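Me: I would like a close look at one part of this model, the place where the ligand sits. Please take it slowly and explain the terms.

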Amino acid sequence: MKDLSDDKNVRDTETLLCHLGRAPAEHAGMVNVPIYRGSTIISETLEEWDDRNKDNPSYGRFGSPLSRALEAAVCKLEGGFRSILFPSGQSACTRSLLACLKAGDAVLISDGVYAPVRAFADNVLSRLQIEARYFCPTKPSELAAKISANTRAIYLESPSSMTFEVQDVPALSAIAHRSDALVIMDNTWATPLYFRPFEHGVDISIQAATKYIVGHSDALLGIATANEAAWSALKSTAHHFGEIGGPDDIYLALRGLRTLALRMKRHWENGLILAQSLKAHPAVDRVLHPALPNDPGHGIWKRDFLGASGLFGIVLKPMSRPQLSVLFSSLRIFGIGLSWGGYESLALLVEPPKRMETSLAFPGPLIRIHAGMESPSELIADMHNALNAAREAAVDGIVPREESELVGQCQIVS
Ligand SMILES: *Cc1c(COP(=O)(O)O)cnc(C)c1O
């Protein structure tokens, strides 16, 4: 088998997914790179030791043939210069920020950002004298107005993984680069298959591999990929912190990667058909899904993305907490849980999202849905049945429905 990563005739992602990161000749002919467990790596001669220190891992903390295989595969798919693994997606996010920022710098963060990254910015960056401010994800002009001489990075997540605003990444990147700020983007929703970050101006792209790359809800892992300009800062920061993924988790991620294209196609189809069916349900006020033609982000999604994942939101009409309890306990196929990207369907009641800059007028509760790979007709039936049960509970007077008890909408915090 030849190394296909630089073969100009092999460009189709589906072929690459089956071949990237493999090296049977180096592993007794094994199709897959085996699990390497190790801290110390020994050499026989001083020359071999010097050689190893040039390109190969010289200690377990700097990687193994297995971690290098996953990094090389994801790097090729993302279209970057080099990738590096982290033990979780959150660690990839926080280390990427720290790679770009020092005391006295400022970062502008999309107001729809993943809540734990917001918490890191507000609680940890502030302690390091790094100023974190927020901008409305759908208004590039607001970014331009807020960027200042000490802004060294902007942080995007498109679409926002709770509220699904699609960002104009090329426009935002152009504004950042005019001020010499780097662009970090969380690309977990689309995966490298459906959004090619480096073609749209991103400098560091993050995958919470825990989600679609692992794909089976059985491991945590993060991967950050940089272009050439941002690579040395990302790599040295990762090494300073000394966090690495465990070998079993890396093996599971590389195994998950082989079926990513097939799974994504199914998640996209199931998510879209479920979203379409929910638009018409009388308990639903609005569906937040960029692939729906009337979604505010649809135009940019169509221009920049190559597909959609299975994650989207529904905003309900006002509904009381007891009604929501009926809704969630009526679900039979959907699990109630954090995370997403596994083969299974999930539903989550989202707390009113914290916003610094953007007002979101949601009349009722927001539910985030991950469409898994089950039968689409059974997913539709399960969700519609639960929504019907919640409505009937109010009509039958089983649960109260006074205005004061309705679950609140999102508010601006500052
Ligand atoms: C889950 C998630 C992360 C963090 O990944 P973990 O592996 O759970 O730490 C980061 N960004 C987004 C958009 C996520 O959904």
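How far does a backbone N or O atom of Gly-89 lie from an oxygen atom of the ligand? Please describe the surroundings as well.

Reply: The distance from a backbone N or O atom of Gly-89 to an oxygen atom of the ligand is 2.8 Å. The model is predicted, so local features need pLDDT of at least 70 and side-chain atom pairs count only at pLDDT 80 or more, while totals for chains, interfaces and linings use all residues. Residues are numbered from 1 along each chain as its sequence is written, and side-chain values use heavy atoms, with hydrogens and water left out.

The Gly-89 pair is a polar contact (N or O atoms within 3.5 Å). A polar backbone atom of Gln-90 also lies 2.8 Å from an oxygen atom of the ligand. From Trp-340, a polar side-chain atom comes to 3.1 Å from a ligand oxygen. Taken alone, the ligand exposes 380 Å² (Shrake-Rupley method, 1.4 Å probe), and the protein buries 92% of that.

Gly-89, Gln-90 and Trp-340 belong to the set of residues around the ligand (a heavy atom within 4 Å). That set also includes Ser-88, Tyr-114, Glu-157, Ser-161, Asp-186 and Lys-211. By class, the shell has four nonpolar, five polar and three charged residues (Asp, Glu, Lys and Arg count as charged, and Gly as polar).

The ligand sits in the second largest pocket (more than half of its atoms within 2 Å of the grid points). A pocket is an open set of points on a 1 Å grid, with protein on both sides within 12 Å along at least five of seven lines; a cavity is a set where a 1.4 Å probe fits but cannot get out, and lining residues have an atom within 4 Å of a point. The volume of this pocket, the space filled by probe spheres set on the points, is about 700 Å³. Of its 40 lining residues, Tyr-114, Ala-115, Pro-116, Ser-161 and Met-162 are the closest to its centre. Two or more lining residues come from each of α4 (89–100), α5 (115–125) and β11 (346–350), where helices are DSSP runs of at least four residues and strands of at least two. α5 gives the most, with six residues. The lining divides into 18 nonpolar, 12 polar and 10 charged residues.

Trp-340 also appears in the lining of the largest cavity, together with residues including Leu-311, Gly-337, Ser-339 and Arg-368. β11 and β12 (366–370) are the elements that give two or more residues to this lining. The cavity has a volume of about 30 Å³. Its lining has six nonpolar, three polar and one charged residues.

Two backbone details remain. The peptide bond from Ser-158 to Pro-159 is cis, with omega near -10°, and Pro-159 lies in the loop between β4 (151–157) and α7 (169–178). Phe-164 lies in the loop between β4 and α7, and its phi is near 65°, a positive value in a residue other than glycine.

Notes: Polar contact = N/O pair within 3.5 Å; in protein donor to acceptor, adjacent residues only side chain to side chain.
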